[in-house]
Amino acid sequence: MLNLDRLRVLRAVARHGSVSVAADGLHVTTSAVSQQIAKLERETGQQLLAKNGRGVRLTDAGRLLADHAGRILSQVELAQAELEEHRGRAVGELRLAAFPTAARGLFPTALVSLRTDHPQLHARLRELEPGDSVRGVVRGDLDLAVVLDWHNRPLPLPEGLAKAPLLDDLADVAMPADHPLAQRETVDLEEFADDEWISWPQAEFCHDWLLFTLRSSGVEPRITHMAEEHHTQLALIAAGLGVAVAPRLGRGPVPEGVSVVPVRHTMCRHVYAIWRADADRRPSIRAAVAALQEAGKRVADG
């Protein structure tokens, strides 16, 4: 019998073309991936990977099995979805993820709604950055994730995922209250060419977006501080240490000493839910999307 977990590992290696990248995507060690592939080779009696320079490539047998693995894993997903649909109720465990401001701004309302309307559904939430969430949904570690992209920088999504919009989240510029532009009704990004910036950490989607957007406006950003949480960024701004982009979702009260001003050319994050298309018929997925959309509507309506 072929082991489903080992088939997922082989599929990840085939998708990424690398044992180390597959291991990163699966959140395991490269040794664990190699061990799973070795066990799969013993089970099949065939070599599935071959050395290719410093990396690896799939053998003919490896490509054949990886193709079958994609179809097998898809069929397992469909079977689970149809069984849940047959019961006609949202039940069991639902593994969710969201980036921090969505976890704070949408999920308290959505999770209470799910608990009230679907008491046999056990939803579990993790905070993850969008890229990690996409990988988690693709490989089956997550059932649904809330991710984002920006008006001028879409988040690439692999094939096989479904999505539903939740809300458009406007973003402002946050600055010290004594900043020369703090009393303006609107500002342009180009006006902050001489300011120090506070950003999200490097390699995060929003950090890359900030660099791209500022440079597109002719501003070479001087990023002095980096902080994951918006509340930390606002605290640094209150201390007079720079300016930052401040999305409105999950922002909460602005601390004393900080002024938040809209941008004349609107900056907007598109917030949406993603899940595997094979799971589209699961009542629990539909219930979660509906709860999140209602939570998004409440945020948008103020």
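Both tryptophan 150 and tryptophan 209 are buried, and in this predicted model the two residues belong, together with Trp200, to one aromatic cluster. The count of aromatic pairs comes to 3. One of them joins tryptophan 150 to tryptophan 200, whose ring centres are 6.5 Å apart with the planes at 65 degrees, so that this pair is edge-to-face. Because tryptophan 150 lies in strand S5 (residues 144-150) and tryptophan 200 in the loop between strand S7 (196-199) and helix H8 (205-216), the contact ties together parts that are 50 residues apart in sequence. Tryptophan 150 has a relative accessibility of 1% and counts as buried, and tryptophan 200, at 4%, counts as buried as well. The rings of tryptophan 150 and tryptophan 209, by contrast in geometry, have their centres 3.5 Å apart and their planes at 10 degrees, so this pair is stacked. It links distant parts of the chain, with tryptophan 150 in strand S5 and tryptophan 209 in helix H8, 59 residues apart.

The two tryptophan pairs are set side by side below.

| Ring pair | Centre distance | Plane angle | Class |
|---|---|---|---|
| Tryptophan 150 and tryptophan 200 | 6.5 Å | 65 degrees | edge-to-face |
| Tryptophan 150 and tryptophan 209 | 3.5 Å | 10 degrees | stacked |

Aromatic rings also meet charged side chains in this model. The charged end of arginine 153 is placed over the ring of phenylalanine 212, at 4.5 Å from the ring centre, while that of lysine 163 sits over the ring of tyrosine 272, at 4.0 Å from its centre.

Where does the chain divide into domains? Domain 1 covers 4-84, domain 2 is made of 91-167 + 270-301, and domain 3 covers 169-268. The centres of domain 1 and domain 3, taken over C-alpha atoms, are separated by 43 Å.

Trp150 is also one of the residues that touch the most other members of the largest nonpolar core, which has 64 residues; the others named in this respect are Leu106, Leu144, Val146 and Val245. This core draws at least three residues from each of domain 2 and domain 3. Another core, of 18 residues, lies apart from it and includes Ala12, Val33, Leu65 and Ala69. In soluble globular proteins, nonpolar side chains tend to be buried together.

For leucine 144, the contacts beyond its neighbours within four places in sequence include Arg95, Leu96, Ala97, Val137, Ala273, Ile274, Trp275 and Leu292. Val137, one of these partners, is among the buried residues of helix H7 (residues 130-139), as are Pro130, Ser133, Val134, Gly136 and Arg139. Just after H7, glycine 140 takes a positive phi of about 90 degrees.

Leucine 106, another of the core residues named above, is 9.8 Å from lysine 297, C-alpha to C-alpha, although the two are 191 residues apart in sequence. Lysine 297 is found in helix H10 (residues 283-301) and, at 47% relative accessibility, counts as partly exposed.

A further local feature is a hairpin, in which strand S1 (residues 49-52) and strand S2 (residues 55-58) pair in the antiparallel sense over 4 bridges. Within this pairing, lysine 51 has valine 56 of S2 as its bridge partner. There are 2 residues between the strands, and glycine 53 of this hairpin takes a positive phi near 65 degrees.

Key
Residues numbered from 1 in each chain as written. Predicted model: local features only at pLDDT ≥ 70, side-chain atom pairs only at ≥ 80, totals over all residues. Heavy atoms only, no water. Pairing = 2+ DSSP bridges. Domains from an automatic or database assignment. Phe/Tyr/Trp six-rings, centres within 6.5 Å; stacked < 30°, edge-to-face > 60°. Buried < 20%, exposed > 50% of the residue type's maximum accessible area, 1.4 Å probe, protein only. Lys NZ or Arg CZ within 6 Å of the ring centre and 35° of its normal. Core = buried A, V, L, I, M, F, W, Y, C linked by side-chain atoms within 4.5 Å. Contact = heavy atoms within 4.5 Å.
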